[in-house]
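Good morning, and thank you for coming. I would like to take you through one structure today, beginning with a local detail and ending with the contact between chains.

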Amino acid sequence: MPDSLTLNKITAQRGMSISEATRRVADLGWTPSYVQEAMTFPTDYKIKKTPRDPMKQVLRSYFPMQEEKDNRVYGALDAALRGDMFRNVQPRWVEWMKLFLAIIPFPEISAARSMAMVGRLAPGEELRTGFAMQMVDEFRHSTIQMNLKKWYMENYIDPAGFDITEAAFGKCYASTIGRQFAEGFVTGDAITAANVYLTVVAETAFTNTLFVAMPSEAARNGDYALPTVFLSVQSDESRHVGNGHSLLMSLINDPDNHLLLERDLKYAFWQNHAIVDAAIGTFVEYGTTDRDKNKESYAELWHRWIYEDYYRTYMLPLEKYGIKIHHDDVAAAWDRIVKSNYVHLTAQFFSVGWPVNFWRIEAQTEKDFEWFEHKYPGWYAQFGNYWKWYEKLSHKGETNVLFNADTGYVYPHRCWSCMVPCLIRADFTYDTVEGKVYTYCSEQCRWTHKVAFAAEYEGRATPAMGRFSGRREWEECYHGWDLADAITDLGFVRPDGKTLVPQPHLHFDDSKMWTLDDVRGHTLGSPLTNFRALTPEQREAAAIEYRKGFTINPIH
Amino acid sequence: MSATQQPPEQKSGAAGSAQFSGSDSRKFNYFEPKGRKASHYEDMTVDVQPDPKRYLLQDWIISFADGTPTYDESWTKAQSSNWHQFRAVDQEWERTHYQRQSTIVGMITNVIENGRRAGAPKRFDKAWVKVLSDHLGAYKHAEFGLGTATMQAQRYGYTQMINNAILTNSSYKLRFSQDVTLYLGEIALDIEGIDLDAGKTHWLEDPIWQGTRHAIEAIMGASDFLEQYFATNIVFEPLVGELFRSGFIMQMAASQNDFMTPSVVSAAEGDYERNLANAVELFSMLALDQKFGEQNRKLFVSWMDKHGALAVQAAHQMQPIWSLPRVKVAQFADALELAKNRVRAIAAEIGFDARSTLDH
Ligand SMILES: [Fe+2]
Ligand SMILES: [Fe+2]
Ligand SMILES: [Zn+2]
């Protein structure tokens with residue numbers, strides 16, 4: 001049948017054009033005259049009320065589009081079960097999902113909350129409508145990820161760790177690192193938080209590693225569910241990136257904003273790097289069993305997405321507005337990944353700390369060693385012995401690797417800023433802020449705490465800027481505790497009241513699984529508490545010693 | 001390099017392929033379900049927003065400049081012995097939300113398409129067409145105002161359950177304000193002389209609408225998020241929103257030869273039933289609180305006084321609209337009395353006294 005005779009053409013009636021529809025919808029707002037909106041979330045930025053032109057969409061087309069995406073996701077989950085996905089899934093991979101999926105729903109819903117903050121500041125109602133859709137998207141992301149996690153819990157061989165997920169999120173040292181991300185979206189200066197940190201950096205740059213690198217690796221490990229959910233999540237991000245860019249463009253022409261924008265781009269880029277690369281780098285490189293030498297390593301992915309796509313095509317063009325771009329930080333982040341082994345040191349740290357995790361980490365094996373050495377020349381010399389030690393000490397009855405003095409591992413300080421430990425020893429630094437000593441993984445993180453999160457910046461008052469707070473050094477919470485008591489307090493014990501949720505192996509067999517009795521008798525300590533107790537001279541000497549690093553002892 | 005480890009003997013990663021401690025622990029076990037078993041909504045929602053009083057070991061780790069943490073109970077004057085007790089009656093999580101919203105926009109789209117195909121808008125009474133463009137056109141801004149007020153409010157609640165209920169409320173209000181906008185734009189394609197800018201002009205300038213605009217701006221401008229949520233659902237919706245939607249549009253339209261508008265507007269009544277159920281659940285929980293119930297009830301009376309006075313004034317200022325249609329089948333006084341009765345019933349359900357606002 002020729003096109004001209006289709007039913008659609010016969011009955012189609014004239015409708016509103018999409019640009020007319022979005023123009024009408026944008027005209028719903030007005031400037032209040034009886035009661036002013038309270039400026040509840042302050043910012044030190046000046047926002048020009050010049051409407052920009054973000055993506056054109058109205059809720060009438062948005063909701064059916066999203067429902068259709070959902071139908072595909074839930075259809076794929078059903079299909080995965082019918083296809084017996086879990087029979088072939090790699091437990092090494094799914095175990096890391098206990099950590100990843102414990103963290104991510106809270107940053108997602110925080111992004112929804114942050115839309116309240118930018119919604120009020122939005123220059124023009126079209127952009128406010130964009131933020132409203134993003135709010136509902138982020139509600140989608142948070143709950144669709146909770147659903148995925150429940151689905152793993154119901155169908156994966158070892159549900160322990162999924163069953164305590166949100167409680168574990170509140171207590172685990174690793175999930176706190178992710179919480180820094182989420183709280184950063186909603187607390188402090190509204191533009192710093194909800195525009196620069198969330199959208200201009202996290203969503204624009206780092207969701208690619210989160211929501212594209214992770215799914216590829218999941219699929220290589222027999223997990224077809226995570227790609228379905230996360231690629232669907234990622235498909236919403238281009239709208240968010242567009243929203244964020246529109247708001248950025250309404251700030252950037254005012255030279256008064258440049259100083260703050262430079263501060264926030266620096267802070268946000270470095271902290272996103274420190275947090276996301278630590279976590280996602282570890283999941284992708286150490287959570288996989290696929291050692292195909294033709295696939296891209298995390299470093300290669302980073303170069304493509306962060307360096308080429310983000311730095312070169314998004315950040316550099318900002319220079320033409322007169323913004324100073326922190327080229328040296330981008331280079332430093334790249335060096336941390338390829339020269340200083342940032343990801344490998346993080347994976348090592350996570351595995352050293354296995355008794356206080358709520359997921360299992362198995363040892364890396366010969367096949368893994370070859371791949372790492374191929375992708376990261378020199379890896380074996382630095383990490384080979386460590387993973388052999390880890391395997392040896394994974395057997396019940398050994399002294400756990402965290403407290404085993406034979407390995408030569410030195411437990412690290414924690415960074416007060418990004419909350420990842422100070423793993424690149426040579427970069428360790430410390431400083432005094434409001435009379436107290438703090439430790440940092442890097443100069444950039446020291447600057448973030450002391451200089452950026454403060455009441456003034458380069459002589460300019462910044463009354464809206466947030467502050468770091470809380471018990472940011474996790475170890476301090478259990479300073480002086482017996483390891484077994486700490487694990488009990490964390491709630492990382494299985495329903496029998498003695499077997500640990502975390503295990504340093506993938507044996508699904510009670511006779512091989514560690515219990516509280518296997519880890520009792522070791523006392524946890526806070527490196528920062530001890531560091532603060534030193535005299536200034538002793539402290540400097542300790543720092544010099546720390547920067548020298550450590551060597552893992554040979555294993556026979 | 002030498003081989004260091006045999007691969008584990010386990011072959012399948014599927015549930016049930018091995019028995020060991022914890023291998024059958026397949027339920028989220030960190031919260032108390034409201035019913036005998038946790039609902040899917042609870043599993044998706046509870047404890048995602050953490051709390052130092054529950055599991056947040058390291059406390060909130062960023063604060064505002066004055067030391068206020070990321071979430072703070074002082075963001076409303078209402079107090080609770082346990083904010084985590086609240087569950088949304090409509091049990092929404094993303095999937096149910098998109099399904100419902102999508103069904104509504106599908107229904108509205110069909111009504112408009114079929115109605116236009118049948119030439120229905122051309123048969124609307126002429127005086128009624130002007131009522132729609134001037135006054136339904138003005139009213140859509142009130143809906144938008146409630147949508148932006150609740151979008152703001154969803155940042156502040158102390159639990160995920162409270163904030164998500166306010167978030168879906170915002171989504172419903174914003175959708176409906178757009179539904180009406182697009183509906184008017186589409187019937188304008190079929191009817192000569194509809195002025196699509198008239199609604200906003202009436203909203204900003206017509207004395208009939210200034211009370212309503214004042215009431216809406218008072219909700220948008222309130223800095224207590226629960227006051228915003230209360231004023232939206234317990235005060236404005238029944239006294240002004242339903243009064244206009246049900247007491248005027250739905251009652252009058254058929255007699256003006258208009259069978260389309262009631263279908264479009266009825267969606268808002270369905271939305272409100274759900275938002276109201278959620279709000280009543282939350283405010284009655286607070287009114288019944290062992291420790292803070294008394295002061296919460298006083299607080300609700302003060303919110304009712306403040307926003308109720310504005311809403312009653314708004315309602316009275318709308319009265320002339322009832323005499324605009326050529327065929328008059330509904331009386332303002334009857335509609336207002338129904339609206340007041342509705343508020344009395346809602347207040348009774350929550351457990352506070354609304355008489356000081358309504359009975360004079
Ligand atoms: Fe998201
Ligand atoms: Fe997003
Ligand atoms: Zn750091």
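Let us begin with a pair of strands in chain A: strand 1 and strand 2, the latter covering residues 436-440, run antiparallel and are joined by 5 bridges. Please keep in mind throughout that this is a predicted model. Within this pair, T432(A) stands opposite V437(A) of strand 2. The two strands form a hairpin with 2 residues between them, and in that hairpin E434(A) takes a positive phi near 45°. Strand 1 of chain A also has two faces: T429(A), D431(A) and V433(A) are on the covered one, while Y430(A) and T432(A) are on the uncovered one.

The positive phi deserves a short remark. Most residues other than glycine have a negative phi. Which further residues of chain A depart from this? One is D84(A), which is not a glycine and yet has a positive phi of about 60°. D84(A) sits in the loop between helix 3 (59-82) and helix 4 (85-88) of chain A. Its relative accessibility is 33%, so D84(A) counts as partly exposed. Another is N341(A), also a residue other than glycine, with a positive phi near 60°. N341(A) belongs to the loop between helix 15 and helix 16 (342-352) of chain A. Is N341(A) buried or exposed? With a relative accessible area of 10%, N341(A) is buried, because the limit for that class is under 20%.

A further loop residue of chain A is S417(A), found between helix 18 (379-392) and strand 1 (429-433). The relative accessible area of S417(A) is 0%, so this residue is buried. What does S417(A) touch? Leaving aside residues up to four places away in sequence, its contacts are Q180(A), Q271(A), Y440(A), C445(A), T448(A), H449(A), F468(A) and R472(A).

I turn now to charged pairs. Side chains of opposite charge can pair when their charged atoms come close. How many salt bridges does the structure hold over all chains? The count is 72. I shall describe some of them.

In chain A, K324(A) and E262(A) form a salt bridge, with N and O 3.7 Å apart. K324(A) is in the loop between helix 14 (298-315) and helix 15 (327-338), whereas E262(A) is in helix 13 (residues 258-286), so the pair ties together parts of chain A that are 62 residues apart in sequence. The surroundings of the two partners can be stated as well: K324(A), at 62% relative accessibility, counts as exposed, while E262(A), at 15%, counts as buried.

Also in chain A, D264(A) and R263(A) form a salt bridge whose closest N and O atoms are 2.8 Å apart. Both D264(A) and R263(A) are buried.

Chain B offers a further example. There, D271(B) and R100(B) make a salt bridge, with their closest N and O atoms at 3.1 Å. This pair links distant parts of the chain, since D271(B) lies in helix 8 (residues 261-287) and R100(B) in helix 2, 171 residues apart. D271(B) and R100(B) are both buried. Salt bridges with shared partners also join K69(A), D70(A), D137(A), R140(A), D236(A), R239(A) and E94(B) into one network.

That network includes residues of both chains, which brings me to the interface. The size of an interface is often given as the accessible area lost when the parts come together. Between chain B and chain A the buried area is about 10300 Å², and carbon and sulfur atoms give 60% of it. On chain B, 103 residues are in contact with 128 residues of chain A. Across this interface there are 5 salt bridges; E94(B) and R140(A) form a salt bridge, the closest N and O atoms being 3.7 Å apart. The count of residue pairs in polar contact between the two chains is 54.

Which elements of chain B give two or more residues to the side that touches chain A? They are helix 1 (40-45), strand 1 (62-63), helix 2 (94-117), helix 3 (126-153), helix 4 (160-187), helix 5 (198-205) and helix 6 (207-221). Helix 4 of chain B gives the largest share, 16 residues. By class, this side of chain B has 40 nonpolar, 42 polar and 21 charged residues.

Finally, strands also pair between the chains: strand 5 of chain A (residues 467-468) and strand 1 of chain B pair in the antiparallel sense over 2 bridges. In this pairing, R467(A) stands opposite S63(B).

Key
Residues numbered from 1 in each chain as written. Chains lettered and ligands numbered in written order. Predicted model: local features only at pLDDT ≥ 70, side-chain atom pairs only at ≥ 80, totals over all residues. Heavy atoms only, no water. Contact = heavy atoms within 4.5 Å. Buried area = accessible area lost by both parts, 1.4 Å probe. Salt bridge = Lys/Arg side-chain N within 4 Å of Asp/Glu carboxyl O. Polar contact = N/O pair within 3.5 Å; in protein donor to acceptor, adjacent residues only side chain to side chain. Helix = DSSP H or I, 4+ residues; strand = E, 2+ residues; numbered from the N terminus. Nonpolar A, V, L, I, M, F, W, Y, C, P; charged D, E, K, R; others polar. Pairing = 2+ DSSP bridges. Buried < 20%, exposed > 50% of the residue type's maximum accessible area, 1.4 Å probe, protein only.
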